[in-house]
Amino acid sequence: MARKPTFLDKQYNQYGAEIENFIAKYVDNKATAEDLTHEVFTRAQHAGKGEIIAKPRAYLFAAARNHLIDHFRKRERRRRDDMLEYDDNLYGNRGPSEERRLEARDELRRLTAVIGRLPPRVRQA
């Protein structure tokens, strides 16, 4: 026995292709557009909790637009994280070179010597 189509099933049959085409204008491939369209309808199902949506087409397009914004924000965040990880691997984990450490020690010795030659009251300040 086949299940009775829900309100959202009917909306998907009526607007699914239109929503997918809208999303496809902004993403780089068909599979991503299909996935995002599925997520829009899944979210709509959970958000509505069985309530009838007065203007389903407008609601679904607004949901698709918002989901696209979220998608691009997440993608940009992943790119930034990937770049940071790349920078850390390339530059961040090396620490100062041996030469830089020796220079820092020499500079510290010189500063300590200069401070040691100052009058006691000036050293305390």
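# A guided tour of a five-helix chain

Ring pairs link Phe22, Tyr26 and Phe61 into a cluster. The rings of Phe, Tyr and Trp (for Trp, its six-membered ring) count as a pair if their centres lie within 6.5 Å; planes under 30 degrees apart are called stacked, those over 60 edge-to-face, and the rest tilted. The model on display is predicted: local features need pLDDT of at least 70, side-chain atom pairs count only at pLDDT 80 or more, and totals for chains, interfaces and linings use all residues. Residues are numbered from 1 along each chain as its sequence is written, and side-chain values use heavy atoms, with hydrogens and water left out.

**The whole chain**

Begin with a cartoon view. The chain has five helices and zero strands, and from the N terminus on its elements run α-α-α-α-α. Helices (H or I, at least four residues) and strands (E, at least two) are DSSP runs, numbered from the N terminus. Of the 125 residues in the chain, 20% are buried. Here, buried means under 20% relative accessible area, exposed means over 50%, and partly exposed lies in between (1.4 Å probe, protein chains only).

**The aromatic cluster**

Next, select Phe22, Tyr26 and Phe61, the members of the ring cluster. A pair of aromatic rings is described by the distance of the centres and the angle of the planes. The structure has three aromatic pairs in total. One of them joins phenylalanine 22 to tyrosine 26; this pair is edge-to-face, with 5.4 Å centre to centre and 65° between the planes. Is phenylalanine 22 buried or exposed? Phenylalanine 22 has a relative accessible area of 18% and is therefore buried, whereas tyrosine 26, at 47%, counts as partly exposed.

Now turn to the pair of phenylalanine 22 and phenylalanine 61, which is also edge-to-face, at 5.3 Å centre to centre and 70° between the planes. This pair links distant parts of the chain, since phenylalanine 22 is in helix H1 and phenylalanine 61 is in helix H3, 39 residues apart. Phenylalanine 61 counts as buried, because its relative accessibility is 17%.

**The salt bridges**

Show the charged side chains next. A salt bridge is a side-chain nitrogen of Lys or Arg within 4 Å of a carboxyl oxygen of Asp or Glu, and the structure holds five of them.

Select glutamate 18 and arginine 57, whose side chains meet in a salt bridge (2.4 Å, N to O). Which parts of the chain does the pair link? Glutamate 18 is in helix H1 (residues 7–24) and arginine 57 is in helix H3, 39 residues apart. Both ends are partly exposed: glutamate 18 has 31% relative accessibility, and arginine 57 has 40%.

Move on to arginine 43 and aspartate 70, which form a salt bridge with the closest N and O atoms 3.5 Å apart. Arginine 43 lies in helix H2 and aspartate 70 in helix H3, so this pair ties together parts that are 27 residues apart in sequence. Arginine 43 is partly exposed at 41% relative accessibility, and aspartate 70 is partly exposed at 28%. Elsewhere, salt bridges that share partners join Glu20, Lys30 and Glu34 into one network.

Within that network, select glutamate 34 and lysine 30, whose side chains meet in a salt bridge (3.6 Å, N to O). Both residues lie in helix H2 (residues 30–48), four residues apart, about one turn of the helix. Glutamate 34 is partly exposed, at 36%, while lysine 30 is exposed, at 55%.

**Two surface patches**

Finally, switch to a surface view. Patches are made of residues with over 30% relative accessible area and no salt bridge; like charges are joined within 9 Å, and nonpolar side chains (Val, Leu, Ile, Met, Phe, Trp, Tyr) within 5 Å. Accessible areas come from the Shrake-Rupley method with a 1.4 Å probe, and for residues only the protein chains shown count as cover.

Select Arg73, Lys74, Arg77, Arg78 and Arg79, which form a positive surface patch. Lys and Arg count as positive and Asp and Glu as negative, with His and the chain ends not counted; the place of a charge is NZ of Lys, CZ of Arg, CG of Asp or CD of Glu. Arginine 78 lies in helix H3 (residues 56–92) and is partly exposed, with a relative accessible area of 47%.

The last selection is Leu111, Ile115, Leu118 and Val122, which make a nonpolar surface patch of about 330 Å². Where does leucine 118 lie? Leucine 118 is in the loop between helix H4 (98–117) and helix H5 (120–124), and its relative accessible area of 32% makes leucine 118 partly exposed.
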